[in-house]
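Work through these exercises with the sequence and the model side by side. Try each task before you read its solution.

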Amino acid sequence: PKTNFNQRANAVVREPEIQAFWDTEGIYEAAFKENTGPTFTLHDGPPYANGDLHIGHALNKILKDFINRYRILTNRKVKFVPGWDCHGLPIELKVLQSMKSS
């Protein structure tokens, strides 16, 4: 069909524009302030502490985003607490393993 609607997402250009609009209009903050329901806090664990990055990690993050957005739409005050830094964990594990063998 012929339409004036641009068929390309052009995300490299549009995404920063949309984020800037949300920031200048305070959309997230307004939704959080106007929601009067109880607080919902989602504590997110480390992104990939147990091996190489795979599609399951992306699915995990997407589902958590869905949950937070749903809770905002159901009048909850949502707080997302990102995971902690555990990049030293594999090194610590190797050190402990080498200590056991000696």
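**Exercise 1. Place Asn68 and decide whether it is buried or exposed.**

Solution. Start with the element: Asn68 belongs to helix H3, residues 55-73. Next, take its relative accessibility, which is 9%. The cut-off for buried is under 20%. Asn68 is therefore buried. Last, look for its partners beyond four places in sequence: they are Phe40, Leu42, Val78 and Phe80. Keep in mind throughout that this is a predicted model.

**Exercise 2. Work out which side chains of strand S1 are buried and which are not.**

Solution. Strand S1 covers residues 39-43. Begin with the general pattern: in a regular strand, side chains alternate between the two faces of the sheet. Now apply that pattern here. Phe40 and Leu42 point to one face, and both are buried. Thr39, Thr41 and His43 point to the other face and are not buried. Then link back to the helix: Phe40 and Leu42 are among the contacts of Asn68.

**Exercise 3. Find the strand that S1 joins and say how the two run.**

Solution. The partner is strand S2, residues 77-81. Five bridges connect S1 and S2. The two strands run parallel. For one bridge, take Thr41: its partner in S2 is Lys79.

**Exercise 4. Describe what sits over the ring of Phe40, then count the aromatic pairs.**

Solution. Go to Arg71 first. Its charged end sits over the Phe40 ring, 4.8 Å from the ring centre. The distance cut-off for such a placement is within 6 Å. Now turn to ring pairs. Centres must lie within 6.5 Å for rings of Phe, Tyr and Trp to pair. The count of aromatic pairs is zero.

**Exercise 5. Compare the side-chain polar contacts of Thr24 and His54.**

Solution. Take Thr24 first. Thr24 is in helix H1, residues 11-25. Its relative accessibility is 64%, so Thr24 counts as exposed. Its side chain reaches the backbone oxygen of Phe21 at 3.1 Å.

Now take His54. His54 sits in the loop between S1 and H3. At 47% relative accessibility, His54 is partly exposed. A polar atom of its side chain lies 3.0 Å from the backbone nitrogen of Gly56.

**Exercise 6. Say where Asn10 and Asn75 lie, and what stands out in their phi angles.**

Solution. Recall the background: most residues other than glycine have a negative phi. Asn10 has a positive phi of about 50°, although it is not a glycine. Asn10 lies in the segment before H1. With a relative accessible area of 42%, Asn10 is partly exposed.

Asn75 also has a positive phi, of about 70°, and is not a glycine. Asn75 is in the loop between H3 and S2. Its relative accessibility is 31%, so Asn75 is partly exposed.

**Exercise 7. Summarise the whole chain: its elements, their order and the confidence.**

Solution. Count the elements: four helices and two strands. Read them from the N terminus: α-α-β-α-β-α. Then check burial: 13% of the 102 residues are buried. Next come the contacts between residues at least 6 apart in sequence. Of these, 76% join residues at least 24 apart.

Finish with confidence. The chain averages a pLDDT of 83, and 89% of the residues score at least 70. The mean is highest in H1, at 91. It is lowest in helix H4, residues 89-101, at 80. As a general caution, predicted coordinates should not be read in detail where pLDDT is low.

Terms used. Residues numbered from 1 in each chain as written. Heavy atoms only, no water. Phe/Tyr/Trp six-rings, centres within 6.5 Å; stacked < 30°, edge-to-face > 60°. Lys NZ or Arg CZ within 6 Å of the ring centre and 35° of its normal. Buried < 20%, exposed > 50% of the residue type's maximum accessible area, 1.4 Å probe, protein only. Contact = heavy atoms within 4.5 Å. Pairing = 2+ DSSP bridges. Polar contact = N/O pair within 3.5 Å; in protein donor to acceptor, adjacent residues only side chain to side chain. pLDDT = per-residue confidence, 0-100.
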